[in-house]
Amino acid sequence: MATRWGICSAGKISHDFTVALKTLPLEDHQVVAVAARKLEDAQEFAKKHSISKAYGSYEELARDRDIDVVYIGVIHPYHLNTCLLFTNAKKNVLCEKPLAMNTKEVQQILASAKKNGVFLMEAVWTRFFPVSVEIRRLLAQGELGEVKMVRSEFGVPLMHVPRAMQKELGGGALLDIGIYCLQFVSMVYNGEKPESIQASGVVHVETGVDETVVAILKYSKNRMAVITCSSGVKLPNDAIIMGTKGTVRVPAMWCPTSLVVNEKETEYPVPEPYLPLNFINSTGMRYEAEEVRQCLLKGLKESTVMSHADSLLLAELEDEIRRQVGVVYSQDCQ
Ligand SMILES: NC(=O)c1ccc[n+]([C@@H]2O[C@H](COP(=O)([O-])OP(=O)(O)OC[C@H]3O[C@@H](n4cnc5c(N)ncnc54)[C@H](OP(=O)(O)O)[C@@H]3O)[C@@H](O)[C@H]2O)c1
């Protein structure tokens, strides 16, 4: 039986996710409905992607009995309420990153998923790319020796994108793209909490959101990590894992299609899209979609690769870094 998806929002990432789903076999994944705040937007999206049902409210999607799982692609200040709408309607959920604006909101979402007995995962798509699977294999088999240092960076000019700059739309580099650096480091250090974090950043004067952030994380046994993110300037965007026996470099760290292990590069291409995409390598979201299917088939309520504990850790790291850099959202004051 195919996994029946409902798409919540007709925005940019929802478009790319739907294209990614359609690179998977139709007998495994079907897009059944799309919902947007405006019916016309949902109808236009449905037409573009040949989806049979279009709704002009998220509530109608929540009531649709033909849906197994909802993909939430709204901007992050609305993740909390949208997740709660679907979890309370007993719908399984894949929600875009960051799962919410802060730890308190993430806790509410996870508690609701648990209470309602539904599957829920933060859409940290990077973790499901074949490159990430290979990195975890190298680490598990000790092929890099003892890892001493991890570096990860993501910088891309986003000053022209309202949702990346305006505080009320969830603007700020850390929550938008720095999260990828944090999840990478956390994956390599197996979900461990750092012993200390030292962060510094540039806060945009007019908008009050972080434009550039650098954080140094110290882990047990003298292991370190450094993350850098910026919405002001393009960075090389690699991640590097340095171990006593070897080094791994991951170009385009957030959506990797190649891996350099001790100078030897291997390619892992993603499929071509059937429509132009908004973001690079977005057909790679197929891997997280397949993870959701496999979890649902097994009756799991969370993925072991991107677990609820992983989402909580990410939120805690983001909160602490924002505290040090001095970025406060209205959600922090509620
Ligand atoms: N995985 C990735 O690679 C990736 C890439 C980009 C973004 N993202 C994440 O995906 C989410 C959406 O990003 P996006 O670039 O797709 O954003 P977007 O196109 O600007 O907006 C997505 C949707 O959010 C809703 N929305 C936008 N502004 C709103 C407002 N002021 N009030 C209420 N709802 C509003 C709209 O839903 P309706 O259509 O229902 O009106 C809109 O279509 C973000 O959380 C972002 O972090 C992930």
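# Contacts, sheets and domains

User: Leaving aside its neighbours within four places in sequence, what is serine 220 in contact with?

Analyst: In this predicted model, serine 220 touches Glu192 and Glu195. The call rests on C-beta atoms lying within 7 Å of each other. Serine 220 itself sits in the loop between β9 and β10.

User: Is serine 220 buried or exposed, and what makes it so?

Analyst: Serine 220 has 10 other C-beta atoms within 10 Å. The cut-off for exposed is 12 or fewer, so serine 220 is exposed. As for a residue elsewhere in the chain, alanine 140 is 80 residues apart from serine 220 in sequence, and their C-alpha atoms are 18 Å apart.

User: Which class does valine 233 fall in, buried or exposed, and why?

Analyst: Valine 233 counts 11 other C-beta atoms within 10 Å. Set that against the limit of 12 or fewer, and valine 233 is therefore exposed. Its place is in the loop between β10 (223–230) and β11 (239–243). Beyond four places in sequence, valine 233 has contacts with Gly155 and Pro157. Tyrosine 71 is 162 residues apart from valine 233 along the chain, with 30 Å between the C-alpha atoms.

User: What makes the eight strands a sheet, and in which order do they come?

Analyst: The order is β8-β9-β10-β7-β11-β12-β13-β14, the sheet is open and the pairing is mixed. Two strands pair if there are at least two bridges between them. Take β11 and β12 (residues 247–250): four bridges join them, and they run antiparallel. Four bridges meet the requirement of at least two, so β11 and β12 count as a pair. Within that pair, isoleucine 240 has arginine 249 of β12 as its bridge partner.

User: Which strands stand at the edges of that sheet, and why?

Analyst: They are β8 (196–203) and β14 (264–267). Each has a single partner strand, so one side of each lacks a neighbour in the sheet. From one strand to the next, the twist averages 10 degrees. There's also a helix on this sheet: α10 (residues 308–325) packs there and touches β8 and β9 (210–219), with its direction at about 55 degrees to that of β8.

User: How does the pairing run in the sheet of six strands, and what is the order?

Analyst: Here the pairing is parallel, and the open sheet runs β3-β2-β1-β4-β5-β6. Its edge strands are β3 (53–55) and β6 (120–123), each pairing on one side only. Direction ignored, neighbouring strands are turned by 25 degrees against each other on average.

User: How do you know that β2 and β3 pair?

Analyst: Strand β2 (residues 29–35) shares three bridges with β3, in the parallel sense. The requirement is at least two bridges, so three are enough to call β2 and β3 a pair. Alanine 35 stands opposite tyrosine 55 of β3.

User: What is worth pointing out about the phi of asparagine 262 and of glutamate 263?

Analyst: Most residues other than glycine have a negative phi. Asparagine 262, not a glycine, has a positive phi of about 45 degrees. Glutamate 263 is not a glycine either, and its phi is positive at about 75 degrees. Asparagine 262 is in the loop between β13 (258–261) and β14, and glutamate 263 is in the loop between β13 and β14 too.

User: Why do asparagine 262 and glutamate 263 get the class they get, buried or exposed?

Analyst: Asparagine 262 has 11 C-beta neighbours inside 10 Å, and glutamate 263 has 8. The limit for exposed is 12 or fewer, so asparagine 262 counts as exposed, and so does glutamate 263.

User: What is the peptide bond from lysine 97 to proline 98, cis or trans?

Analyst: That bond is cis, with omega near -10 degrees. Most peptide bonds are trans. Proline 98 lies in the loop between β5 (92–96) and α5 (103–116).

User: Which domains does the assignment give, and where do they touch?

Analyst: The assignment gives domain 1 (3–126) and domain 2 (130–269 + 307–333). Their centres, taken over C-alpha atoms, are 25 Å apart. The contact takes 16 residues from domain 1 and 21 residues from domain 2. On the domain 1 side, α5 gives the largest share, four residues. By class, that side has nine nonpolar, four polar and three charged residues.

User: What does UniProt list for residues 134–249?

Analyst: The unreviewed UniProt entry lists "domain: GFO/IDH/MocA-like oxidoreductase" there. In the model, that span is 23% helix and 37% strand, and its end C-alpha atoms lie 12 Å apart.

Terms used:
Residues are numbered from 1 along each chain as its sequence is written. This is a predicted model: local features need pLDDT of at least 70, side-chain atom pairs count only at pLDDT 80 or more; totals for chains, interfaces and linings use all residues. UniProt positions are given in the numbering used here, feature names are shortened, and annotations may be inferred rather than shown by experiment. A residue is buried if 20 or more other C-beta atoms lie within 10 Å of its own, exposed if 12 or fewer, and partly exposed in between; C-beta atoms are placed from the backbone. Two residues are in contact if their C-beta atoms, placed from the backbone, lie within 7 Å. Axes are lines fitted to C-alpha atoms, for helices over the stretch in contact, and angles run from 0 to 180 degrees between N-to-C directions. Domain bounds come from an automatic or database domain assignment. Ala, Val, Leu, Ile, Met, Phe, Trp, Tyr, Cys and Pro count as nonpolar, Asp, Glu, Lys and Arg as charged, and the others, Gly among them, as polar.
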